[in-house]
Amino acid sequence: MFKVDFYVPLIKAVRSGINGHQKLKALILSFINSLEIDERLCYLNILANITLVPAAADPSTSTPKTNLSSSGIARSRKRIVKNVKQEEDETPLKNLKLSYPAETSSIDSSLSLFDQQPSPQNSSDVNFDIVEYSHNGKLDRKLLVFTSNDQQQCYEFLFNRIKCCYRCIKCLAQKKHTDIKATIHDDGSKTFDFNGEEHVCEPYYYVPESYESSLIIKSPNFLYTKRLNNGKMFRVLIIFADEEKNMCYQFGFDSYEKHFTCHRCKRQKRTVMARFIQHNGETSIELNSLQHICEPQKYIPDTL
Ligand SMILES: [Zn+2]
Ligand SMILES: [Zn+2]
């Protein structure tokens, strides 16, 4: 009876008054030390059971029970442990939005990649464009490299998938490989190495009407963000479909292919992909196609 009616409430009283009760604390310690070894262990166990449970999580602190037996303490401790465990399990699902900065490292060690929008850097500042053009009734892509900023003349390059480079079409006709190497990075960005060999060809006069639209999306027509879904954080690239930013396409990151793809087109087995590039000194987006088969969705700003 001493344990339950006196000793337990005494320890709780000492514990709740963190800076006070120094005399009581000394009294309890000298009392435990005066006991035989078996008894001492028993009282130390009770002490540990009470003091090791965080005060806020201990339901008996706010509603003291006078008839608490030592087995009752063990039961309540077990229940507390279970509650704490449940909270840990539920944290990624329920509480992450609120406590996101502290939780990130436990979700994905590479999450620091998520925080910053990729900012690729080309070898040098070269004026270029990536355009669609009609070829045998199909749309294909060309890289145009202008000889000067006034965009009077340009060289045309086609992508060579085997070498992962862009090759000058006119130089190739003279059996010369004038290449611009493209490097794909883990964060889904792409950089261009313009320090290739000199052309043996003459540039074209640039006629914009010869090409379809540019595949380069400039700021602020896109937005890099992240979204929480089923306890996991995902990179999201939003490309606006209108100037008012009412409608958009959402792209998710494919870490295997290292590019972003349109969610809704992907469901219909079409790959509309996007990569971060550096264009005119600014981070921009390169698309492989402007032709979605999905419909743009209403843009709902992030509440994270
Ligand atoms: Zn050339
Ligand atoms: Zn789409």
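# Strands and cores, with reasons

Modeller: Strand S3 and strand S7 (residues 204-205) run antiparallel to one another and are joined over two bridges. The model is predicted, with local features needing pLDDT of at least 70 and side-chain atom pairs counting only at pLDDT 80 or more, while totals for chains, interfaces and linings use all residues. Residues are numbered from 1 along each chain as its sequence is written, and chains are lettered from A and ligands numbered from 1 in the order in which they are written.

Biologist: What makes S3 and S7 count as a pair?

Modeller: Two strands pair if DSSP finds at least two bridges between them. S3 and S7 have two bridges, so they pair by that definition. One of the bridges puts Cys154 opposite Tyr204 of S7.

Biologist: Why is S7 called a strand?

Modeller: Strands are DSSP runs of E with at least two residues, helices are runs of H or I with at least four, and both are numbered from the N terminus. S7 spans residues 204-205 and therefore qualifies. The chain comes to nine helices and 15 strands.

Biologist: Which other strands pair with S3?

Modeller: S2 (residues 138-146) pairs with S3 (residues 153-160) in the antiparallel sense over four bridges, and Leu143 has Phe157 of S3 as its bridge partner. S4 (residues 165-168) is likewise antiparallel to S3, over four bridges, with Leu158 bridged to Arg167.

Biologist: What sits in the turns of these hairpins?

Modeller: Six residues separate S2 from S3, and Gln151 in that turn has a positive phi of about 55°. Four residues separate S3 from S4, and there Cys164 takes a positive phi near 50°.

Biologist: Asn149 lies in the loop between S2 and S3. Why is Asn149 classed as buried or exposed?

Modeller: A residue is buried if 20 or more other C-beta atoms, placed from the backbone, lie within 10 Å of its own, exposed if 12 or fewer, and partly exposed in between. Asn149 has 9 C-beta neighbours inside 10 Å, so it counts as exposed. Its C-alpha is 8.7 Å from that of Val126, 23 residues away in sequence. Over the chain, buried residues make up 16% of the 304 residues.

Biologist: What makes a set of residues a nonpolar core?

Modeller: The members must be buried Ala, Val, Leu, Ile, Met, Phe, Trp, Tyr or Cys residues joined through C-beta atoms within 7 Å. The largest such core has 16 residues, of which Leu237, Ile239, Phe251, Ala274 and Ile285 touch the most other members. Strands S10 (232-240), S11 (247-254), S12 (259-262), S13 (273-279) and S14 (282-287) each give two or more residues to this core. S11 gives the most, with four residues. Apart from it lies another core, of 15 residues, including Phe128, Leu144, Cys165 and Phe192.

Biologist: Which residues are in contact with Ile239?

Modeller: Contact requires C-beta atoms, placed from the backbone, within 7 Å. Leaving aside neighbours within four places in sequence, the partners of Ile239 are Ile217, Asn221, Phe222, Cys248, Tyr249, Phe251, Ala274 and Ile285.

Biologist: How do you know that S13 and S14 pair?

Modeller: They share six bridges in the antiparallel sense, so the definition is met. One bridge links His279 to Glu282. The hairpin has two residues between its strands, and Asn280 in the turn has a positive phi of about 50°. S14 also pairs in the antiparallel sense with S8 (residues 216-217), over two bridges, with Ile216 opposite Glu286.

Technical notes
Two residues are in contact if their C-beta atoms, placed from the backbone, lie within 7 Å.
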